[in-house]
Amino acid sequence: MTQTAPLRIADRPAAISSDWEWQLDGACRSGDGDLFFHPYGEREPSRSRRERAAQAICARCPVLLECRAYALAVEEPYGVWGGLTETARSEILAGRNRYRLRRHVNVS
Ligand code: SF4
């Protein structure tokens, strides 16, 4: 089996601060961060209750759109981001992938 050497730090792409600076203004920074990520073994109805509480914080967040765009762009698998739950993001991404697939099939 062939192994590739890890990238040296100097060879890694630099972080672009404008890509993440919006996070400094997130409404979740001053609240209960545990609301945004599910604890191990969480079940309904606790999950929905926790997600609704997180979404209420997102609803008054000045960077909701940036956060949502980021989470969808990186396909963030966990937590509430930009007012979207894991399930909501996964449905959006599945729809986007179906759309891409349909376009690809129609264009080819
Ligand atoms: S939209 Fe929600 S998760 Fe994103 S930064 Fe704002 S409060 Fe935090």
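A residue is near a molecule or strand if its C-beta atom, placed from the backbone, lies within 6 Å of it. The exercises below use that rule and a few others.

This is a predicted model: local features need pLDDT of at least 70, side-chain atom pairs count only at pLDDT 80 or more, and totals for chains, interfaces and linings use all residues. Residues are numbered from 1 along each chain as its sequence is written.

**Exercise 1. The ligand shell**

Task: Find which residues come nearest to the ligand, and describe the residues around it by class.

Solution:
- Step 1. There are 14 residues around the ligand. Gly-26, Cys-28, Cys-58, Cys-61 and Cys-67 come nearest.
- Step 2. Sort the shell by class. Ala, Val, Leu, Ile, Met, Phe, Trp, Tyr, Cys and Pro count as nonpolar; Asp, Glu, Lys and Arg as charged; the others, Gly among them, as polar. The shell has 11 nonpolar, three polar and no charged residues.
- Step 3. Look for the helices involved. Helix H2 (46-59) and helix H3 (64-73) each supply at least two residues of the shell.

**Exercise 2. The fold in outline**

Task: State how many helices and strands the protein has, and in what pattern.

Solution:
- Step 1. Set the rule. Helices (H or I, at least four residues) and strands (E, at least two) are DSSP runs, numbered from the N terminus.
- Step 2. Count. There are four helices and zero strands.
- Step 3. Read along the sequence. The pattern is α-α-α-α.
- Step 4. Check the contacts. Two residues are in contact if their C-beta atoms, placed from the backbone, lie within 7 Å. Take contacts between residues at least 6 apart in sequence: 45% of them join residues at least 24 apart.

**Exercise 3. The two sides of H2**

Task: Work out which residues of H2 are buried and which exposed residues lie on the face turned away.

Solution:
- Step 1. Set the cut-offs. A residue is buried if 20 or more other C-beta atoms lie within 10 Å of its own, exposed if 12 or fewer, and partly exposed in between; C-beta atoms are placed from the backbone. Of the protein's 108 residues, 13% count as buried.
- Step 2. Check the length of H2. Its 14 residues reach 20 Å from first C-alpha to last, close to the 20 Å expected at 1.5 Å a residue. The expected span is 1.5 Å times one less than the number of residues.
- Step 3. List the buried residues of H2: Arg-50, Glu-51, Ala-54 and Cys-58.
- Step 4. Look down the axis. The buried residues of H2 fall within an arc of 95°, so they line one face of the helix. The arc is that of the directions from the helix axis to the C-beta atoms. An α-helix has 3.6 residues a turn, so residues three or four places apart point the same way.
- Step 5. Turn to the other face. The exposed residues there are Ser-48, Arg-49, Arg-52, Ala-56 and Ala-59. Ser-48 counts as exposed because it has 10 C-beta neighbours inside 10 Å.
- Step 6. Ask what covers the buried side. The cover includes H3.

**Exercise 4. The nonpolar core**

Task: Identify the residues of the largest nonpolar core and the elements that give two or more residues to it.

Solution:
- Step 1. Define the set. A nonpolar core is a set of buried Ala, Val, Leu, Ile, Met, Phe, Trp, Tyr and Cys residues joined through C-beta atoms within 7 Å.
- Step 2. Name the members. The largest core has eight residues: Phe-36, Ala-54, Cys-58, Cys-67, Ala-71, Val-80, Trp-81 and Leu-84.
- Step 3. Assign them. H2 and H3 are the elements that give two or more residues to this core.
- Step 4. Follow one member. Leaving aside neighbours within four places in sequence, Ala-54 is in contact with Leu-35, Phe-36 and Val-80.

**Exercise 5. Backbone details in the loops**

Task: Describe the peptide bond from Glu-44 to Pro-45 and the phi angle of Glu-75.

Solution:
- Step 1. The bond from Glu-44 to Pro-45 is cis, with omega near 5°. Pro-45 sits in the loop between helix H1 (17-20) and H2.
- Step 2. Glu-75 has phi near 55°, a positive value in a residue other than glycine. Glu-75 sits in the loop between H3 and helix H4 (86-107).
- Step 3. Glu-75 counts as exposed, because it has 10 C-beta neighbours inside 10 Å.
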